[in-house]
Amino acid sequence: MSECLSKTLGSARIYEPEAVRNAVLKIYMERVDLTGRVLRSDKITRARAIYIAKLDRLFSIIVDHIGRCARLPKSSSMHPFYAEIAIIASNGRYDELIDRCRRAIHLVTLLYREYRRKILSSEDPSEIKRYVREYVGRSLSITRRGLRGIEVMRRAIDEIRKSPCISGDTINIVISGMPQVGKSTLVSRISSAKPETSPFPFTTKRVIMGHLVFGDRRIAVIDTPGILDRSLEEMNKIELKAVSAIKHLADIAIFMLDPRRGAYYDLEQQLNVLKSVERIIDKSRIIVAINKIDISSKEEIDACIELLKRIGYERVHLISAIDGRGLDSLLKEALKVAEERIKHKAGSI
């Protein structure tokens with residue numbers, strides 16, 4: 001089963017209060033065409049017909065514009081990965097903003113019914129016109145309050161749009177580690193994704209998915225932003241995207257290390273981040289790969305292996321994302337472990 005909220009929301013347009021105001025005033029200023037309608041000739045009946053038609057159109061445009069926000073899915077109905085992305089991007093306000101839009105539609109609807117009754121019972125054309133002006137003013141005031149903070153919602157939707165499609169038909173391998181250990185290079189080499197690579201940290205700012213066919217299985221390979229050696233509470237929004245991908249998408253997480261003494265981050269920091277990943281998913285789902293063996297000395301690699309053994313990693317893959325060494329073996333083990341996990345999940349249902 002595929003769940004691609006990023007595509008579903010691709011055409012979603014969230015209006016700002018000023019855009020709603022401009023659309024409402026444009027409708028208010030337009031003439032109402034009563035051609036073909038059977039009317040008595042008195043002014044009151046004609047005024048009612050004109051301003052009821054105008055009120056109906058105004059209500060419709062307001063509900064449509066606010067409804068773009070109100071009809072968005074709540075986080076509880078999303079895949080947990082998308083939900084966390086929305087919450088991270090909106091500083092935890094995503095559901096609150098949707099509730100505010102829904103409340104605004106409710107109030108605008110009550111107001112519409114109130115003024116429709118007033119117009120239908122009025123015997124004064126000038127009073128009828130005043131009622132519609134009042135409706136415009138009061139409904140726009142409700143709209144401004146309902147759409148307050150909507151730029152935060154738009155940012156959340158934009159982040160979901162940029163996120164990968166999620167499919168239950170693939171095995172998900174999430175590539176994790178600190179910045180500059182070669183995650184994007186590996187993803188680019190083994191999958192269809194071509195993330196940007198750079199000698200500077202935090203080049204990858206979002207979760208990127210590519211695919212490959214290995215044997216008879218289709219595999220999603222997911223590149224993630226680098227995680228620094230610090231607590232979850234101290235992590236920035238970029239790092240939290242990586243945490244969310246590991247937590248909610250990974251059938252297997254490949255944790256990459258750079259063993260060189262001159263690496264951007266030393267081994268102690270990298271191993272601390274590995275321990276952080278162990279707190280996100282079960283250790284049995286983590287495969288460790290020492291990268292950059294093409295430019296690392298034997299002493300550097302051996303020292304890294306020894307440190308990994310001390311924390312329980314007896315089997316470690318030696319790879320070069322640049323020249324491809326060790327990648328077949330890495331993928332075979334990742335696929336084996338992932339399939340065992342999937343069988344175990346299926347058996348427990």
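**Salt bridges and a cavity**

A search of the whole structure, which is a predicted model, finds 25 salt bridges. One of them pairs Arg48 with Glu123, whose closest N and O atoms are 2.9 Å apart. Arg48 belongs to helix H3 (residues 43-70), while Glu123 sits in the loop between helix H5 (94-121) and helix H6 (125-146), so this pair ties together parts that are 75 residues apart in sequence. The two partners also differ in their surroundings: Arg48 is buried, its relative accessible area being 17%, whereas Glu123, at 55% relative accessibility, counts as exposed.

A salt bridge within one helix joins Glu96 to Arg100, with 3.1 Å between the closest N and O atoms. Because these two residues are 4 residues apart in helix H5, about one helical turn separates Glu96 from Arg100. Glu96 is partly exposed at 36% relative accessibility, and Arg100 is likewise partly exposed, with a relative accessible area of 24%.

Further along the chain, Arg325 forms a salt bridge with Asp323, and here the closest N and O atoms are 2.9 Å apart. Arg325 counts as partly exposed at 41% relative accessibility, as does Asp323 at 35%. Elsewhere, salt bridges that share partners link Lys26, Glu30 and Arg57 into one network.

Turning to internal space, the count comes to 1 cavity of 30 Å³ or more, and the largest cavity has a volume of about 40 Å³. Its lining is made up of Ile85, Glu159, Lys162, Ser163, Arg206, Val207 and Lys241, a set that divides into 2 nonpolar, 1 polar and 4 charged residues.

How values were computed. Residues are numbered from 1 along each chain as its sequence is written. This is a predicted model: local features need pLDDT of at least 70, side-chain atom pairs count only at pLDDT 80 or more; totals for chains, interfaces and linings use all residues. Side-chain values use heavy atoms; hydrogens and water are left out. On a 1 Å grid over the protein atoms alone, a cavity is a set of points where a 1.4 Å probe fits but cannot get out, and a pocket is an open set with protein on both sides within 12 Å along at least five of seven lines; lining residues have an atom within 4 Å of a point. Grid points are joined across faces, edges and corners, and a volume is the space filled by probe spheres set on the points. Ala, Val, Leu, Ile, Met, Phe, Trp, Tyr, Cys and Pro count as nonpolar, Asp, Glu, Lys and Arg as charged, and the others, Gly among them, as polar. A salt bridge is a side-chain nitrogen of Lys or Arg within 4 Å of a carboxyl oxygen of Asp or Glu. Buried means under 20% relative accessible area, exposed over 50%, partly exposed in between (1.4 Å probe, protein chains only).
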